[in-house]
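Work through the exercises below with the sequence and the model side by side. Try each task before reading its solution.

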Amino acid sequence: MLPPLEHQDPISTYPVLDGSSSDPFNDASTPSVMQSEAWLKDQLQSSNRANVASSTDGASKASSDHQSLNSSMRTFVESQSTCTPHGPRANLKYAPNSKRDEHKKEVAADLGMVIDLDDSGEWARSLYIDLVNKDEIDKFLAETNVYTIESADLNYWVDIPEDDGTGKLEEYHLYGPYCKLFNLILQWFVHKIQDDTEAGEASSREAIDTHDVRLAHQEPESTTLTSRPDISVKATGDSFQVLEAKSGNSAHRVGFSNMSSFKEIKLERQNYTDRDQWLQVGVYSRQILIQQPNRRFVRALLLTENDVRLFHFDRSGGMYSPFINIHDEPEVLIRLVVGLNSANEEDIGLDTSIKWSIEDGRKVSGTLTARKAAGTSQIAYNLCEVDPIVTYYSIRGQATQCWSVSDSDTGIRYLIKDCWKDETRVSEHVYLEEAKGLPGVAQMVSFEPNRGETKFLCGGCGISHKDFHNRIAIRIVLNSYGDSIDNFKSAKQLLRALRDAIIGEFGPLTLTHI
(Lines give C-alpha, C1' and ligand atoms only; values in the text may rest on other atoms or scores of the structure.)
Protein backbone atom coordinates (compact mmCIF):
# COMPACT_ATOMS: atom_id res chain seq x y z
CA MET A 1 0.00 0.00 0.00
CA LEU A 2 1.45 3.38 -0.97
CA PRO A 3 1.43 5.95 1.84
CA PRO A 4 0.31 9.50 0.98
CA LEU A 5 3.05 11.07 -1.11
CA GLU A 6 3.16 14.23 0.99
CA HIS A 7 4.46 12.01 3.83
CA GLN A 8 7.23 10.22 1.96
CA ASP A 9 9.55 13.14 1.37
CA PRO A 10 13.07 11.75 0.90
CA ILE A 11 14.63 15.12 1.73
CA SER A 12 18.07 14.12 0.51
CA THR A 13 16.74 13.61 -3.00
CA TYR A 14 15.18 17.05 -3.31
CA PRO A 15 17.32 19.64 -5.11
CA VAL A 16 17.51 23.15 -3.70
CA LEU A 17 16.13 25.96 -5.84
CA ASP A 18 18.98 28.32 -6.71
CA GLY A 19 17.46 30.32 -9.55
CA SER A 20 19.80 28.85 -12.14
CA SER A 21 18.78 28.03 -15.68
CA SER A 22 18.96 24.34 -14.79
CA ASP A 23 16.24 24.71 -12.20
CA PRO A 24 14.79 21.17 -11.88
CA PHE A 25 11.37 22.50 -10.93
CA ASN A 26 11.00 23.98 -14.42
CA ASP A 27 11.94 20.71 -16.08
CA ALA A 28 9.48 20.14 -18.91
CA SER A 29 9.97 16.39 -18.57
CA THR A 30 8.24 16.35 -15.16
CA PRO A 31 5.05 14.29 -15.53
CA SER A 32 1.75 16.10 -15.39
CA VAL A 33 -0.66 15.55 -12.53
CA MET A 34 -3.08 13.69 -14.81
CA GLN A 35 -0.32 11.40 -16.04
CA SER A 36 0.86 10.77 -12.50
CA GLU A 37 -2.62 10.01 -11.19
CA ALA A 38 -3.27 7.61 -14.07
CA TRP A 39 0.05 5.89 -13.38
CA LEU A 40 -0.73 5.69 -9.69
CA LYS A 41 -4.17 4.19 -10.20
CA ASP A 42 -2.68 1.54 -12.46
CA GLN A 43 -0.05 0.68 -9.83
CA LEU A 44 -2.60 0.51 -7.05
CA GLN A 45 -4.90 -1.70 -9.08
CA SER A 46 -1.95 -3.95 -9.92
CA SER A 47 -1.06 -4.02 -6.25
CA ASN A 48 -4.59 -5.07 -5.28
CA ARG A 49 -4.52 -7.87 -7.84
CA ALA A 50 -1.14 -8.93 -6.54
CA ASN A 51 -2.41 -8.99 -2.97
CA VAL A 52 -5.28 -11.28 -3.98
CA ALA A 53 -2.86 -13.62 -5.70
CA SER A 54 -0.44 -13.57 -2.80
CA SER A 55 -3.09 -14.74 -0.37
CA THR A 56 -3.37 -18.01 -2.34
CA ASP A 57 0.19 -18.52 -3.52
CA GLY A 58 1.81 -18.16 -0.09
CA ALA A 59 4.31 -15.96 1.66
CA SER A 60 6.98 -16.26 -1.02
CA LYS A 61 4.72 -14.84 -3.73
CA ALA A 62 3.55 -12.06 -1.32
CA SER A 63 7.15 -11.06 -0.72
CA SER A 64 7.90 -10.99 -4.44
CA ASP A 65 4.86 -8.87 -5.22
CA HIS A 66 5.66 -6.46 -2.43
CA GLN A 67 9.22 -6.01 -3.66
CA SER A 68 7.87 -5.27 -7.13
CA LEU A 69 5.44 -2.70 -5.75
CA ASN A 70 8.20 -1.09 -3.69
CA SER A 71 10.29 -0.77 -6.84
CA SER A 72 7.37 0.85 -8.67
CA MET A 73 6.79 3.17 -5.73
CA ARG A 74 10.40 4.33 -5.74
CA THR A 75 10.20 5.02 -9.46
CA PHE A 76 7.06 7.08 -8.93
CA VAL A 77 8.56 9.03 -6.03
CA GLU A 78 11.66 9.82 -8.08
CA SER A 79 9.48 11.11 -10.93
CA GLN A 80 7.61 13.36 -8.49
CA SER A 81 10.55 14.60 -6.43
CA THR A 82 11.16 17.55 -8.70
CA CYS A 83 7.62 18.88 -8.43
CA THR A 84 7.88 20.70 -5.11
CA PRO A 85 10.84 22.75 -3.93
CA HIS A 86 12.31 21.76 -0.59
CA GLY A 87 14.91 24.09 0.83
CA PRO A 88 17.14 23.51 3.84
CA ARG A 89 14.36 24.58 6.22
CA ALA A 90 12.94 21.05 5.93
CA ASN A 91 15.73 19.85 8.25
CA LEU A 92 15.71 22.79 10.67
CA LYS A 93 14.66 22.53 14.29
CA TYR A 94 13.90 25.53 16.44
CA ALA A 95 15.99 25.70 19.62
CA PRO A 96 13.84 25.96 22.77
CA ASN A 97 15.13 29.44 23.66
CA SER A 98 16.82 30.68 20.52
CA LYS A 99 17.35 34.40 19.98
CA ARG A 100 15.30 36.33 17.42
CA ASP A 101 18.30 36.60 15.08
CA GLU A 102 18.54 32.81 15.07
CA HIS A 103 14.88 32.66 14.13
CA LYS A 104 15.57 35.08 11.31
CA LYS A 105 18.07 32.59 9.90
CA GLU A 106 15.48 29.85 10.12
CA VAL A 107 12.80 32.03 8.52
CA ALA A 108 15.27 32.84 5.73
CA ALA A 109 15.81 29.12 5.12
CA ASP A 110 12.07 28.51 5.31
CA LEU A 111 11.12 31.19 2.80
CA GLY A 112 14.07 30.91 0.43
CA MET A 113 13.45 33.77 -1.98
CA VAL A 114 10.88 36.42 -1.08
CA ILE A 115 9.57 37.99 -4.26
CA ASP A 116 10.22 41.69 -4.88
CA LEU A 117 7.23 42.94 -6.87
CA ASP A 118 8.68 45.26 -9.45
CA ASP A 119 5.27 46.68 -10.38
CA SER A 120 5.59 50.33 -9.30
CA GLY A 121 3.14 49.58 -6.47
CA GLU A 122 0.18 48.72 -8.69
CA TRP A 123 -0.74 45.58 -6.73
CA ALA A 124 -0.88 47.41 -3.40
CA ARG A 125 -2.92 50.20 -4.97
CA SER A 126 -5.43 47.71 -6.41
CA LEU A 127 -6.34 46.13 -3.07
CA TYR A 128 -9.47 46.79 -1.01
CA ILE A 129 -11.03 49.28 -3.41
CA ASP A 130 -14.33 47.48 -2.83
CA LEU A 131 -14.07 48.12 0.92
CA VAL A 132 -13.48 51.87 0.79
CA ASN A 133 -14.52 54.06 -2.13
CA LYS A 134 -13.07 57.46 -3.04
CA ASP A 135 -16.04 59.45 -1.82
CA GLU A 136 -15.74 57.93 1.67
CA ILE A 137 -12.02 58.69 1.73
CA ASP A 138 -12.55 62.30 0.64
CA LYS A 139 -15.16 62.77 3.36
CA PHE A 140 -12.83 61.31 5.99
CA LEU A 141 -9.94 63.57 4.96
CA ALA A 142 -12.17 66.64 4.89
CA GLU A 143 -13.93 66.11 8.23
CA THR A 144 -11.11 64.79 10.43
CA ASN A 145 -8.46 67.43 9.71
CA VAL A 146 -5.68 64.84 9.86
CA TYR A 147 -4.55 65.56 6.31
CA THR A 148 -3.85 68.89 4.69
CA ILE A 149 -3.54 70.08 1.12
CA GLU A 150 -1.49 73.26 0.98
CA SER A 151 -0.89 73.19 -2.75
CA ALA A 152 -0.90 70.83 -5.70
CA ASP A 153 2.63 69.75 -4.74
CA LEU A 154 2.41 69.88 -0.95
CA ASN A 155 0.08 67.42 0.76
CA TYR A 156 0.79 65.63 4.03
CA TRP A 157 -0.56 63.83 7.09
CA VAL A 158 -0.58 66.53 9.75
CA ASP A 159 0.55 64.52 12.79
CA ILE A 160 3.25 62.35 11.18
CA PRO A 161 6.64 63.92 12.06
CA GLU A 162 8.99 64.73 9.24
CA ASP A 163 12.76 64.41 9.14
CA ASP A 164 14.19 67.93 9.01
CA GLY A 165 17.68 66.66 8.25
CA THR A 166 19.08 67.37 11.72
CA GLY A 167 19.01 63.70 12.76
CA LYS A 168 16.77 64.45 15.73
CA LEU A 169 13.82 62.37 14.47
CA GLU A 170 13.86 58.94 16.11
CA GLU A 171 11.83 55.85 15.30
CA TYR A 172 9.90 56.02 18.57
CA HIS A 173 8.66 59.50 17.64
CA LEU A 174 6.45 57.80 15.01
CA TYR A 175 4.77 55.18 17.20
CA GLY A 176 2.22 57.43 18.91
CA PRO A 177 1.19 59.46 15.85
CA TYR A 178 0.76 56.35 13.71
CA CYS A 179 -1.25 54.57 16.43
CA LYS A 180 -3.52 57.59 16.73
CA LEU A 181 -4.00 57.79 12.96
CA PHE A 182 -4.66 54.06 12.58
CA ASN A 183 -7.27 54.07 15.34
CA LEU A 184 -9.03 57.01 13.74
CA ILE A 185 -9.12 55.15 10.41
CA LEU A 186 -10.37 51.98 12.13
CA GLN A 187 -13.09 53.85 14.00
CA TRP A 188 -14.22 55.72 10.91
CA PHE A 189 -14.23 52.84 8.44
CA VAL A 190 -13.94 49.37 10.04
CA HIS A 191 -16.25 49.87 13.00
CA LYS A 192 -18.70 51.90 10.96
CA ILE A 193 -18.77 49.21 8.25
CA GLN A 194 -19.27 46.35 10.69
CA ASP A 195 -22.36 48.03 12.15
CA ASP A 196 -24.04 47.10 8.87
CA THR A 197 -22.84 43.48 8.93
CA GLU A 198 -23.62 40.37 10.89
CA ALA A 199 -20.42 40.86 12.88
CA GLY A 200 -22.02 43.72 14.81
CA GLU A 201 -20.51 44.13 18.26
CA ALA A 202 -18.77 40.74 18.03
CA SER A 203 -15.60 42.12 16.46
CA SER A 204 -13.42 45.15 17.09
CA ARG A 205 -10.00 46.47 16.06
CA GLU A 206 -7.59 48.63 18.06
CA ALA A 207 -4.04 49.71 17.20
CA ILE A 208 -1.69 49.37 20.18
CA ASP A 209 1.92 50.46 20.60
CA THR A 210 3.76 47.18 21.31
CA HIS A 211 7.34 48.20 20.52
CA ASP A 212 8.32 47.52 24.15
CA VAL A 213 5.88 44.65 24.81
CA ARG A 214 7.23 41.11 24.59
CA LEU A 215 4.71 38.96 22.73
CA ALA A 216 5.07 35.25 23.44
CA HIS A 217 6.03 32.82 20.70
CA GLN A 218 4.63 29.33 20.19
CA GLU A 219 7.09 26.63 19.09
CA PRO A 220 7.15 22.82 18.83
CA GLU A 221 8.99 22.77 22.16
CA SER A 222 8.37 24.92 25.22
CA THR A 223 10.01 28.30 24.75
CA THR A 224 10.43 31.65 26.44
CA LEU A 225 11.10 33.39 23.13
CA THR A 226 9.26 36.65 22.51
CA SER A 227 9.32 39.42 19.92
CA ARG A 228 7.99 42.97 19.64
CA PRO A 229 6.17 44.31 16.59
CA ASP A 230 6.10 48.11 16.76
CA ILE A 231 2.32 48.42 16.40
CA SER A 232 -0.17 45.55 16.76
CA VAL A 233 -3.86 45.70 15.93
CA LYS A 234 -5.83 43.89 18.60
CA ALA A 235 -8.81 41.98 17.20
CA THR A 236 -11.88 40.33 18.69
CA GLY A 237 -14.15 37.89 16.87
CA ASP A 238 -14.73 34.22 16.10
CA SER A 239 -11.06 33.43 15.37
CA PHE A 240 -9.16 35.36 18.04
CA GLN A 241 -8.25 34.63 21.64
CA VAL A 242 -6.12 36.38 24.23
CA LEU A 243 -3.02 34.64 25.48
CA GLU A 244 -3.50 32.40 28.47
CA ALA A 245 -2.07 33.87 31.65
CA LYS A 246 0.74 31.79 33.14
CA SER A 247 2.32 31.53 36.57
CA GLY A 248 -0.18 33.90 38.09
CA ASN A 249 0.72 36.72 35.70
CA SER A 250 -1.98 38.31 33.58
CA ALA A 251 -1.48 38.05 29.84
CA HIS A 252 -0.99 41.20 27.81
CA ARG A 253 -4.15 42.28 26.05
CA VAL A 254 -2.70 41.71 22.56
CA GLY A 255 -0.55 38.88 21.22
CA PHE A 256 0.00 36.96 18.01
CA SER A 257 -3.15 34.95 18.75
CA ASN A 258 -5.46 37.99 18.72
CA MET A 259 -4.04 40.49 16.26
CA SER A 260 -5.49 41.16 12.83
CA SER A 261 -2.21 42.63 11.59
CA PHE A 262 0.88 44.50 12.70
CA LYS A 263 2.87 47.50 11.49
CA GLU A 264 6.64 47.86 11.59
CA ILE A 265 8.13 51.37 11.72
CA LYS A 266 11.51 52.44 10.32
CA LEU A 267 13.24 55.71 9.51
CA GLU A 268 14.33 56.27 5.95
CA ARG A 269 17.85 57.19 7.03
CA GLN A 270 18.27 53.79 8.75
CA ASN A 271 18.76 52.19 5.33
CA TYR A 272 17.55 48.71 6.24
CA THR A 273 17.93 46.33 3.31
CA ASP A 274 14.89 44.64 1.77
CA ARG A 275 16.15 41.36 3.22
CA ASP A 276 16.43 42.85 6.72
CA GLN A 277 12.85 44.04 6.41
CA TRP A 278 11.22 40.82 5.24
CA LEU A 279 13.18 38.74 7.75
CA GLN A 280 11.88 40.81 10.66
CA VAL A 281 8.33 40.92 9.30
CA GLY A 282 8.57 37.21 8.50
CA VAL A 283 9.30 36.30 12.14
CA TYR A 284 6.09 38.01 13.26
CA SER A 285 4.03 36.66 10.35
CA ARG A 286 5.14 33.11 11.10
CA GLN A 287 3.84 33.45 14.65
CA ILE A 288 0.45 34.66 13.43
CA LEU A 289 0.18 31.63 11.11
CA ILE A 290 1.04 29.32 14.03
CA GLN A 291 -1.12 30.92 16.70
CA GLN A 292 -4.11 31.52 14.43
CA PRO A 293 -4.50 28.01 12.94
CA ASN A 294 -7.20 29.02 10.45
CA ARG A 295 -4.98 31.70 8.84
CA ARG A 296 -4.53 31.30 5.10
CA PHE A 297 -2.30 34.34 4.63
CA VAL A 298 -0.79 37.23 6.59
CA ARG A 299 -0.33 40.80 5.36
CA ALA A 300 1.59 43.50 7.17
CA LEU A 301 2.80 47.06 6.61
CA LEU A 302 6.23 48.58 7.00
CA LEU A 303 6.13 52.36 7.26
CA THR A 304 8.63 55.19 7.36
CA GLU A 305 7.90 58.86 7.95
CA ASN A 306 7.05 59.12 4.24
CA ASP A 307 6.31 55.72 2.73
CA VAL A 308 4.47 52.44 3.16
CA ARG A 309 5.35 48.96 1.90
CA LEU A 310 3.04 45.92 1.89
CA PHE A 311 4.21 42.39 2.75
CA HIS A 312 2.23 39.23 1.94
CA PHE A 313 2.99 35.72 3.27
CA ASP A 314 1.19 32.47 2.47
CA ARG A 315 2.08 28.81 1.92
CA SER A 316 3.88 29.61 -1.33
CA GLY A 317 6.23 31.98 0.48
CA GLY A 318 6.35 35.76 0.57
CA MET A 319 6.32 38.88 -1.57
CA TYR A 320 6.51 42.62 -1.00
CA SER A 321 5.60 45.80 -2.82
CA PRO A 322 7.76 48.83 -3.60
CA PHE A 323 7.44 51.80 -1.26
CA ILE A 324 4.50 54.16 -1.91
CA ASN A 325 4.47 57.74 -0.64
CA ILE A 326 1.66 58.06 1.94
CA HIS A 327 1.53 61.86 1.71
CA ASP A 328 1.05 61.87 -2.06
CA GLU A 329 -1.41 58.94 -1.99
CA PRO A 330 -3.30 58.99 1.33
CA GLU A 331 -6.03 56.76 -0.11
CA VAL A 332 -3.55 53.86 -0.44
CA LEU A 333 -2.64 54.00 3.25
CA ILE A 334 -6.31 54.20 4.28
CA ARG A 335 -7.34 51.23 2.15
CA LEU A 336 -4.44 49.10 3.37
CA VAL A 337 -5.15 49.84 7.03
CA VAL A 338 -8.85 49.07 6.53
CA GLY A 339 -8.29 45.93 4.45
CA LEU A 340 -5.64 44.39 6.70
CA ASN A 341 -7.94 44.87 9.70
CA SER A 342 -11.36 44.32 8.16
CA ALA A 343 -14.21 43.08 10.35
CA ASN A 344 -14.80 40.46 7.65
CA GLU A 345 -12.41 37.69 8.65
CA GLU A 346 -12.07 36.38 5.11
CA ASP A 347 -10.62 39.74 4.05
CA ILE A 348 -7.73 39.38 6.47
CA GLY A 349 -6.95 35.79 5.47
CA LEU A 350 -8.94 33.64 7.90
CA ASP A 351 -10.69 30.41 6.94
CA THR A 352 -14.24 30.99 8.16
CA SER A 353 -15.20 27.30 7.84
CA ILE A 354 -13.59 27.03 11.30
CA LYS A 355 -15.29 29.06 14.03
CA TRP A 356 -14.93 29.22 17.79
CA SER A 357 -17.10 30.27 20.70
CA ILE A 358 -15.25 32.79 22.87
CA GLU A 359 -15.69 33.23 26.61
CA ASP A 360 -13.62 35.71 28.62
CA GLY A 361 -11.39 36.14 25.59
CA ARG A 362 -10.54 32.42 25.27
CA LYS A 363 -11.75 29.75 22.85
CA VAL A 364 -13.96 27.23 24.64
CA SER A 365 -15.53 25.28 21.77
CA GLY A 366 -15.86 25.42 18.02
CA THR A 367 -17.05 23.93 14.75
CA LEU A 368 -15.42 22.94 11.49
CA THR A 369 -17.59 22.75 8.39
CA ALA A 370 -16.64 20.10 5.83
CA ARG A 371 -18.20 18.02 3.09
CA LYS A 372 -20.39 15.08 4.06
CA ALA A 373 -19.59 11.51 3.11
CA ALA A 374 -21.98 11.56 0.18
CA GLY A 375 -22.85 14.39 -2.17
CA THR A 376 -21.69 17.96 -1.84
CA SER A 377 -23.68 19.05 1.21
CA GLN A 378 -21.79 20.40 4.20
CA ILE A 379 -21.86 19.46 7.87
CA ALA A 380 -20.62 21.48 10.84
CA TYR A 381 -18.58 19.07 12.96
CA ASN A 382 -17.88 19.88 16.60
CA LEU A 383 -14.22 20.40 17.47
CA CYS A 384 -13.13 17.89 20.11
CA GLU A 385 -10.24 20.21 20.94
CA VAL A 386 -10.10 23.94 20.21
CA ASP A 387 -6.55 23.61 18.86
CA PRO A 388 -5.41 21.36 16.00
CA ILE A 389 -3.85 18.09 17.14
CA VAL A 390 -1.17 18.53 14.48
CA THR A 391 0.29 22.01 13.90
CA TYR A 392 2.61 23.33 11.18
CA TYR A 393 5.50 25.52 12.31
CA SER A 394 6.78 27.04 9.06
CA ILE A 395 5.42 29.63 6.65
CA ARG A 396 6.05 27.97 3.29
CA GLY A 397 5.09 24.39 2.52
CA GLN A 398 2.22 21.94 2.73
CA ALA A 399 1.12 23.31 6.14
CA THR A 400 -0.54 20.08 7.29
CA GLN A 401 -2.92 20.56 10.20
CA CYS A 402 -5.17 17.90 11.70
CA TRP A 403 -8.32 18.41 13.72
CA SER A 404 -10.21 15.99 15.95
CA VAL A 405 -13.95 16.44 15.40
CA SER A 406 -17.23 14.69 16.11
CA ASP A 407 -20.65 14.50 14.48
CA SER A 408 -23.12 16.27 16.76
CA ASP A 409 -25.94 13.88 15.74
CA THR A 410 -24.16 10.52 16.02
CA GLY A 411 -21.26 11.33 18.33
CA ILE A 412 -18.87 9.57 15.92
CA ARG A 413 -15.38 11.05 15.90
CA TYR A 414 -13.40 11.85 12.75
CA LEU A 415 -10.00 13.21 11.85
CA ILE A 416 -9.92 16.17 9.44
CA LYS A 417 -6.69 16.93 7.61
CA ASP A 418 -6.05 20.31 5.99
CA CYS A 419 -3.00 20.92 3.82
CA TRP A 420 -1.69 22.90 0.86
CA LYS A 421 -0.27 20.64 -1.85
CA ASP A 422 1.92 21.82 -4.69
CA GLU A 423 -0.27 21.98 -7.80
CA THR A 424 2.06 19.57 -9.63
CA ARG A 425 1.80 16.86 -6.96
CA VAL A 426 -0.70 14.04 -6.83
CA SER A 427 -3.43 14.79 -4.31
CA GLU A 428 -3.56 12.48 -1.30
CA HIS A 429 -7.25 11.75 -1.82
CA VAL A 430 -6.32 9.82 -4.99
CA TYR A 431 -4.41 7.29 -2.89
CA LEU A 432 -7.10 7.07 -0.25
CA GLU A 433 -9.88 6.65 -2.80
CA GLU A 434 -8.09 3.66 -4.32
CA ALA A 435 -7.35 2.25 -0.86
CA LYS A 436 -10.98 2.10 0.24
CA GLY A 437 -11.77 -1.19 1.88
CA LEU A 438 -8.15 -2.24 2.35
CA PRO A 439 -7.58 -3.60 5.89
CA GLY A 440 -5.13 -1.66 8.02
CA VAL A 441 -5.48 1.51 5.97
CA ALA A 442 -7.15 4.70 7.25
CA GLN A 443 -10.48 5.08 5.47
CA MET A 444 -11.48 8.36 3.83
CA VAL A 445 -14.99 9.68 4.46
CA SER A 446 -14.92 12.68 2.10
CA PHE A 447 -12.56 15.11 0.43
CA GLU A 448 -12.48 18.64 -0.96
CA PRO A 449 -9.78 18.77 -3.65
CA ASN A 450 -9.60 22.54 -4.11
CA ARG A 451 -10.47 24.96 -1.32
CA GLY A 452 -8.36 27.76 -2.71
CA GLU A 453 -5.02 28.44 -4.38
CA THR A 454 -2.16 30.65 -3.32
CA LYS A 455 -2.03 32.25 -6.75
CA PHE A 456 -5.45 33.73 -6.00
CA LEU A 457 -4.62 34.70 -2.41
CA CYS A 458 -1.99 37.08 -3.74
CA GLY A 459 -4.35 38.34 -6.42
CA GLY A 460 -2.36 36.73 -9.21
CA CYS A 461 0.53 39.09 -8.54
CA GLY A 462 4.01 37.62 -8.71
CA ILE A 463 2.85 34.23 -9.98
CA SER A 464 4.95 34.54 -13.14
CA HIS A 465 8.09 34.83 -11.04
CA LYS A 466 10.41 31.83 -11.32
CA ASP A 467 10.39 31.37 -7.53
CA PHE A 468 6.60 31.21 -7.20
CA HIS A 469 5.04 27.73 -6.87
CA ASN A 470 1.27 27.57 -6.63
CA ARG A 471 -0.28 25.52 -3.83
CA ILE A 472 -3.83 24.19 -3.57
CA ALA A 473 -5.75 23.77 -0.30
CA ILE A 474 -7.29 20.34 0.21
CA ARG A 475 -9.37 18.94 3.06
CA ILE A 476 -9.80 15.26 3.82
CA VAL A 477 -12.16 13.72 6.39
CA LEU A 478 -10.98 10.37 7.75
CA ASN A 479 -12.35 7.86 10.21
CA SER A 480 -10.73 8.33 13.61
CA TYR A 481 -8.77 5.38 14.95
CA GLY A 482 -7.76 6.32 18.48
CA ASP A 483 -5.21 8.39 20.30
CA SER A 484 -1.61 8.98 19.25
CA ILE A 485 1.18 6.87 20.74
CA ASP A 486 2.13 9.52 23.29
CA ASN A 487 -1.18 8.67 25.01
CA PHE A 488 -0.46 4.92 25.30
CA LYS A 489 -0.58 3.49 28.81
CA SER A 490 1.62 0.42 28.35
CA ALA A 491 4.28 -1.18 26.17
CA LYS A 492 1.67 -3.74 25.15
CA GLN A 493 -0.44 -1.04 23.50
CA LEU A 494 2.61 0.13 21.56
CA LEU A 495 3.45 -3.38 20.38
CA ARG A 496 -0.11 -3.96 19.25
CA ALA A 497 -0.07 -0.71 17.26
CA LEU A 498 3.21 -1.70 15.60
CA ARG A 499 1.76 -5.10 14.77
CA ASP A 500 -1.30 -3.54 13.15
CA ALA A 501 0.87 -1.12 11.19
CA ILE A 502 3.01 -3.97 9.87
CA ILE A 503 -0.06 -5.94 8.85
CA GLY A 504 -1.54 -2.91 7.14
CA GLU A 505 1.65 -2.30 5.17
CA PHE A 506 2.86 -5.81 4.36
CA GLY A 507 -0.15 -8.09 4.85
CA PRO A 508 -1.12 -10.63 7.53
CA LEU A 509 1.27 -13.34 6.23
CA THR A 510 4.28 -11.24 7.20
CA LEU A 511 4.03 -11.83 10.93
CA THR A 512 3.83 -15.61 10.52
CA HIS A 513 7.43 -15.62 9.28
CA ILE A 514 8.95 -13.36 11.96
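**Exercise 1: an enclosed helix**

Helix H8 (residues 330–340) has ten of its eleven residues buried (under 20% relative accessible area, 1.4 Å probe, protein chains only), so the rest of the structure largely encloses this helix. Helices here are DSSP runs of H or I with at least four residues, and strands are E runs of at least two, both numbered from the N terminus. This is a predicted model, in which local features need pLDDT of at least 70 and side-chain atom pairs count only at pLDDT 80 or more, while totals for chains, interfaces and linings use all residues. Residues are numbered from 1 along each chain as its sequence is written, and side-chain values use heavy atoms, with hydrogens and water left out.

Task: list the buried residues of H8.

Solution: going along the helix, they are Pro330, Val332, Leu333, Ile334, Arg335, Leu336, Val337, Val338, Gly339 and Leu340.

**Exercise 2: a sheet**

Task: find the order of the seven strands in the open sheet, and then its edge strands.

Solution: begin with the order, which is S13-S14-S15-S16-S17-S19-S18 with antiparallel pairing, where two strands pair if DSSP finds at least two bridges between them. Next, S13 (354–359) and S18 (444–448) each pair on one side only, and are thus the edge strands. Finally, look at S13 and S14 (residues 362–371), which run antiparallel and are joined by six bridges; tryptophan 356 stands opposite glycine 366 in S14.

**Exercise 3: confidence**

Task: state the average pLDDT (the predictor's confidence in each residue, from 0 to 100) of the chain.

Solution: the chain averages 82, and 75% of the residues score at least 70.

Methods
Buried means under 20% relative accessible area, exposed over 50%, partly exposed in between (1.4 Å probe, protein chains only).
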